[in-house]
Each structure stands twice: as C-alpha cells, then as structure tokens.
Amino acid sequence: MTDRRENEAESSPRRRGQGKLEAHVLSVLKGAVEPVPVAWVQERLGGDLAYTTVITILTRLHGKGAVERERAGRSFVWTAVADEAGLAALRMRKVLDAESDRQAVLASFVTALSPHDELLLRELLAGEPLEPGELGEPGEGDR
C-alpha cells in the first residue's frame, strides 16, 4: 500500500519554504518603479503561483512591515519598503520581541557569532559601518 503523501509529493510541484517565497516576492516587488498590482507580481514570479497565493504572501509581508499597499479602485497596489536583508531583520526582531528575557537572548546570540560577524556587529553598533569587503570574507575558522 502506498502512502498518500508520497503520491502527492510525486504529482505536485516541489514546495518552497515560506521565507524563500516571501524573499522572492519581495525581490520581484523591489524591481517595480511604482506601486504595482498583484497580477504584475504574479506574472514576474513565473506564473506558477496562484493569484490568491501571491495576495496571501503580499498580505503577510504587509503585516511584517516589509511592503506597503494603497487602494487602487477595489484592490491594492503594492510597494516594497524592505529588501531581503530587511525582511531577515524583521524576522529576527519578531523572535526577539516574543522572548521575555531580551538580555539573555541577545547575549546568547552575540556569543554564538563568528569572530567575523562579531567584528562586523561591533562596527555597526559603533556607527562606523565598514565598506563592503573591508572585513574580508569570513574564514572557515570563524565558526
């Protein structure tokens, strides 16, 4: 007897993780020169996603503060206000906000950083961000 999930996996396209899909939608939206409708985003995603799926993703991104929307007739047009790095930062902030002991979470996070990332964080906190490549690439011994 075959497992139903095995048959579904074979007959349906491979599912992407929500984070990757959100990042892809956001990158497409960043390419727009003005606020755009859902159909514009869907078309540039390659058409393999349903219109309602694209709306759902945009609505989630709106809830996270990564996109803005404004009324255009009976629907909305959408604008990206964050990039992929901004979206990752919003996720990190959400995790931090959900914890009661912020100090412990931040301390644990910082102690787990590689030396390269720790130096980068120190520079950013000092208000002196380095130019791209100034720190060099993280070495294999960083973890």
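What follows walks through the fold, one helix pair, the salt bridges and a few surface residues of a predicted model.

Starting with the overall layout, the chain has seven helices and two strands. Going along the sequence, these elements come in the order α-α-α-α-β-β-α-α-α. Of the 143 residues in the chain, 22% are buried. The accessible surface adds up to about 10600 Å², and carbon and sulfur atoms account for 52% of that. As for how the chain folds back on itself, 45% of the contacts between residues at least 6 apart in sequence join residues at least 24 apart.

Strand 1 (residues 67–72) is home to Glu70. With a relative accessibility of 45%, Glu70 falls into the partly exposed class. Leaving aside residues up to four places away in sequence, Glu70 touches Pro35, Ser75, Phe76 and Val77. Pro37 sits 33 residues from Glu70 in sequence, yet the two C-alpha atoms are 9.9 Å apart in space.

Next comes the pairing of helix 5 (residues 84–97) with helix 6, whose axes come within 9 Å and cross at roughly 135°. That angle falls short of the 145 degrees above which a pair counts as roughly antiparallel, so helix 5 and helix 6 are oblique to each other. Helix 5 brings Met92, Arg93, Leu96 and Asp97 to the contact, while helix 6 supplies Arg102, Val105, Leu106 and Phe109. Two of these residues, Asp97 and Arg102, also meet through their side chains in a salt bridge, at 3.0 Å from N to O. Both partners are partly exposed, Asp97 at 42% relative accessibility and Arg102 at 35%.

Met92 and Phe109 turn up again on the surface, where they join Val110 in a nonpolar patch with about 260 Å² of accessible area together. Val110 belongs to helix 6 (residues 102–111) and, at 33% relative accessibility, is partly exposed.

In total, the structure holds six salt bridges. One of them pairs Arg44 with Glu43, with 3.5 Å between the closest N and O atoms. Here Glu43 is exposed, at 58% relative accessible area, whereas Arg44 is partly exposed at 39%. Another links Arg122 to Glu118, with the closest N and O atoms 2.8 Å apart. This pair lies within helix 7 (residues 115–125), its members four residues apart, or about one turn of the helix. Arg122 is exposed at 54% relative accessible area, and Glu118 is partly exposed at 27%. Elsewhere, Glu22, Lys64 and Arg91 are joined into one network by salt bridges that share partners.

Key: Residues numbered from 1 in each chain as written. Predicted model: local features only at pLDDT ≥ 70, side-chain atom pairs only at ≥ 80, totals over all residues. Heavy atoms only, no water. Patch = residues over 30% accessible without salt bridge, like charges linked within 9 Å, V, L, I, M, F, W, Y side chains within 5 Å. Areas by Shrake-Rupley, 256 points an atom, 1.4 Å probe, with all protein chains shown as cover. Salt bridge = Lys/Arg side-chain N within 4 Å of Asp/Glu carboxyl O. Buried < 20%, exposed > 50% of the residue type's maximum accessible area, 1.4 Å probe, protein only. Contact = heavy atoms within 4.5 Å. Axes fitted to C-alpha atoms, helices over the stretch in contact; angles between N-to-C directions. Parallel < 35°, antiparallel > 145°, perpendicular 65-115°, else oblique.
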